[in-house]
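Here's a quick briefing to keep beside the viewer. Have the sequence open too, and let's walk through it topic by topic.

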Amino acid sequence: MDYFDYSNGRLCAEQVDIPTLADQYGTPLYVYSRATLERHWNAFDEALGSHPHLVCYAVKANSNLAVLALLARLGSGFDIVSGGELARVLKAGGDPARIVFSGVGKTVAEMEMALETGIRCFNVESTAELARLNDVAATHGVYAPVSLRVNPDVDAHTHPYISTGLKENKFGIEVNAARDAYRQAADSKHLDVHGIDCHIGSQLTEIAPFVDALDRVLELVDHIESDGIPVSHIDLGGGLGVRYRDEHPPLPEDYVRPLMARLSNCDKEILIEPGRAIAANAGVLVTEVQYLKETAEHNFAIVDAAMNDLLRPALYQAWQDIVPVIPHDGAAKHWDVVGPVCETGDFLGKDRELTLAQGDRLAVRSAGAYGFTMASNYNSRPRPAEILVDGDKAYVVRQRETVDRLFEGESIPDL
Ligand SMILES: Cc1ncc(COP(=O)(O)O)c(C=O)c1O
Ligand SMILES: N[C@@H](CCCC[NH3+])C(=O)O
């Protein structure tokens with residue numbers, strides 16, 4: 001459930017009128033709902049109940065400082081994948097002791113920054129990374145808290161680009177090699193083994209793969225602990241899907257229940273790393289129809305948002321609902337909603353039945369996750385502004401990028 005709905009024939013975010021926001025701040029424009037973000041985070045937190053747990057929001061889904069700050073105030077932990085994300089979380093007031101650091105390619109500088117900050121744990125993804133982290137910690141005379149991300153070889157039944165838990169994927173340490181990796185970690189003088197971690201993919205709409213992955217992790221925990229290496233937490237990763245079209249992903253409580261049933265006799269702290277399920281349906285991308293172009297083959301609605309603003313349709317052929325901001329009368333037609341970028345793959349939606357006129361505004365739904373964070377400046381397009389709505393108030397949480405900003409850091413050498 002989210003807080004985007006029509007009131008008097010105009011789309012609103014909570015109690016704020018989206019057409020007015022578009023008039024004030026222009027388009028393309030990302031609009032987020034605080035109540036939706038908080039509701040989703042709380043749903044995970046409450047589902048985990050009294051079992052010791054930490055919901056570590058996956059920052060990559062939506063890393064706007066205002067979004068991170070409001071989750072930090074709820075007591076959220078954070079799953080980060082770069083030094084940049086670490087800096088963002090700290091800037092937003094996140095607690096370093098609630099940060100877990102995932103990612104296959106952590107650099108020495110990123111490790112140093114995280115050690116200095118005193119993060120909760122490194123989710124280590126290879127034995128080479130274990131060795132590097134031990135060296136970096138030794139150089140600084142500290143101990144690095146580690147959890148090994150194991151790749152359980154479970155098919156998440158999701159888009160191949162966002163499946164991460166199969167043995168052919170680059171992520172994690174092969175489940176069969178994990179026991180040896182734990183021995184390496186335990187024998188490393190400057191590493192402290194804290195936990196175990198897995199993340200099998202994103203936009204999962206079934207529970208079975210999560211349960212299979214947990215079973216493999218629990219089997220491994222038995223082996224590791226019988227080797228004399230205790231772990232104090234199990235991190236189940238993120239990945240719970242959302243409804244973009246006609247999917248029926250489980251609610252947070254229905255996703256957590258079967259997992260916790262398996263963990264009823266387990267006193268270890270449970271971490272989860274949801275991103276999309278918290279942020280996706282908490283945001284829309286508002287865009288304006290620039291031209292309507294009807295050809296023999298297709299009707300094109302050329303809008304002012306493009307693949308550089310919202311990449312998911314172009315990258316994954318992802319379907320996101322596109323709705324009018326102010327529905328009006330007229331004959332509906334089938335439109336390909338496309339952007340101005342010079343790529344055939346630049347579309348936001350194809351074959352959408354809409355009643356359109358030039359100048360209409362449209363909202364692309366479920367754009368709060370992997371929307372702005374994947375935006376680029378391709379075609380030298382400044383990135384959109386971002387608005388956070390809270391009840392009847394709207395805050396500009398990122399100004400629209402200016403063309404001047406696009407040249408920052410560039411120079412023309414005196415050749
Ligand atoms: C390690 C890790 N944790 C958490 C997430 C968040 O995933 P999602 O947004 O699907 O919940 C991701 C992205 O897939 C990830 O790579
Ligand atoms: N960016 C992807 C999800 C990737 C998850 C990253 N681990 C999407 O939009 O669906």
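What follows covers the chain as a whole, then the ligand shell, the residues picked out by UniProt, and two stretches of sheet.

Bear in mind that this is a predicted model. The chain has 12 helices and 21 strands, and buried residues account for 48% of its 415 residues. Around ligand 1 there are 15 residues, and several positions listed in UniProt are worth a look alongside that shell.

**Overall build**
- A compact globule of 415 residues would have a radius of gyration near 22 Å, so the chain's 23 Å agrees with that expectation.
- Along the principal axes, the C-alpha atoms fill a box of roughly 70 × 60 × 40 Å.
- Take the contacts between residues at least 6 apart in sequence: 71% of these join residues at least 24 apart.

**Around ligand 1**
- Which residues come closest to ligand 1? They are Ala58, Ser202, Gly238, Gly275 and Arg276, out of 15 residues surrounding the ligand.
- By type, the shell splits into seven polar, five nonpolar and three charged residues.

**What UniProt lists**
- An unreviewed UniProt entry gives Gly239, Glu273, Pro274, Gly275, Arg276 and Tyr370 under "binding site".
- Gly275 and Arg276 from that listing also turn up among the closest residues to ligand 1.
- Under "modified residue: N6-(pyridoxal phosphate)lysine", the unreviewed UniProt entry lists Lys60.

**Glu273 and Pro274**
- Glu273 sits in the loop between β13 (269-272) and α10 (276-279), and Pro274 lies in the loop between β13 and α10 as well.
- Is Glu273 buried or exposed? It has 26 C-beta neighbours inside 10 Å, so it counts as buried.
- Pro274 is buried too, with 25 other C-beta atoms within 10 Å.
- Setting aside neighbours within four places in sequence, Glu273 is in contact with Cys56, Ala58, Asp79, His199, Asp235, Gly237 and Gly238.
- With the neighbours within four places in sequence again left out, Pro274 is in contact with Phe44, Val55, Tyr57, Ala58, Gly238 and Leu240.
- Ala58 and Gly238 appear in the contacts of Glu273 and in those of Pro274, and both are named among the closest residues to ligand 1.

**Lys60**
- Look for Lys60 in the loop between β5 (53-58) and α3 (65-74).
- Lys60 has 23 C-beta neighbours inside 10 Å, so it counts as buried.
- Beyond its neighbours within four places in sequence, Lys60 is in contact with Val81, Glu85, Gly275 and Thr373.
- Gly275, one of those contacts, is on UniProt's "binding site" list.

**The three-stranded sheet**
- Near the start of the numbering there's an open sheet of three strands, in the order β1-β2-β3 with antiparallel pairing.
- β1 (4-7) and β3 (16-17) are the edge strands, each with a single partner, so one side of each has no neighbour in the sheet.
- β2 (residues 10-13) pairs with β3 in the antiparallel sense over two bridges.
- To find the register, note that Cys12 stands opposite Asp17 in β3.

**The β20-β21 hairpin**
- Strands β20 (residues 385-390) and β21 (residues 393-398) run antiparallel and are joined by five bridges.
- Val389 stands opposite Ala394 in β21.
- Two residues lie between the strands of this hairpin, and Gly391 takes a positive phi near 65°.

Conventions. Residues numbered from 1 in each chain as written. Chains lettered and ligands numbered in written order. Predicted model: local features only at pLDDT ≥ 70, side-chain atom pairs only at ≥ 80, totals over all residues. Near = placed C-beta within 6 Å. Nonpolar A, V, L, I, M, F, W, Y, C, P; charged D, E, K, R; others polar. Pairing = 2+ DSSP bridges. Helix = DSSP H or I, 4+ residues; strand = E, 2+ residues; numbered from the N terminus. Rg over C-alpha atoms; globule rule 2.2 N^0.38 Å. Buried ≥ 20, exposed ≤ 12 C-beta atoms within 10 Å, placed from the backbone. Contact = placed C-beta atoms within 7 Å. UniProt positions renumbered as here; feature names shortened; annotations may be inferred.
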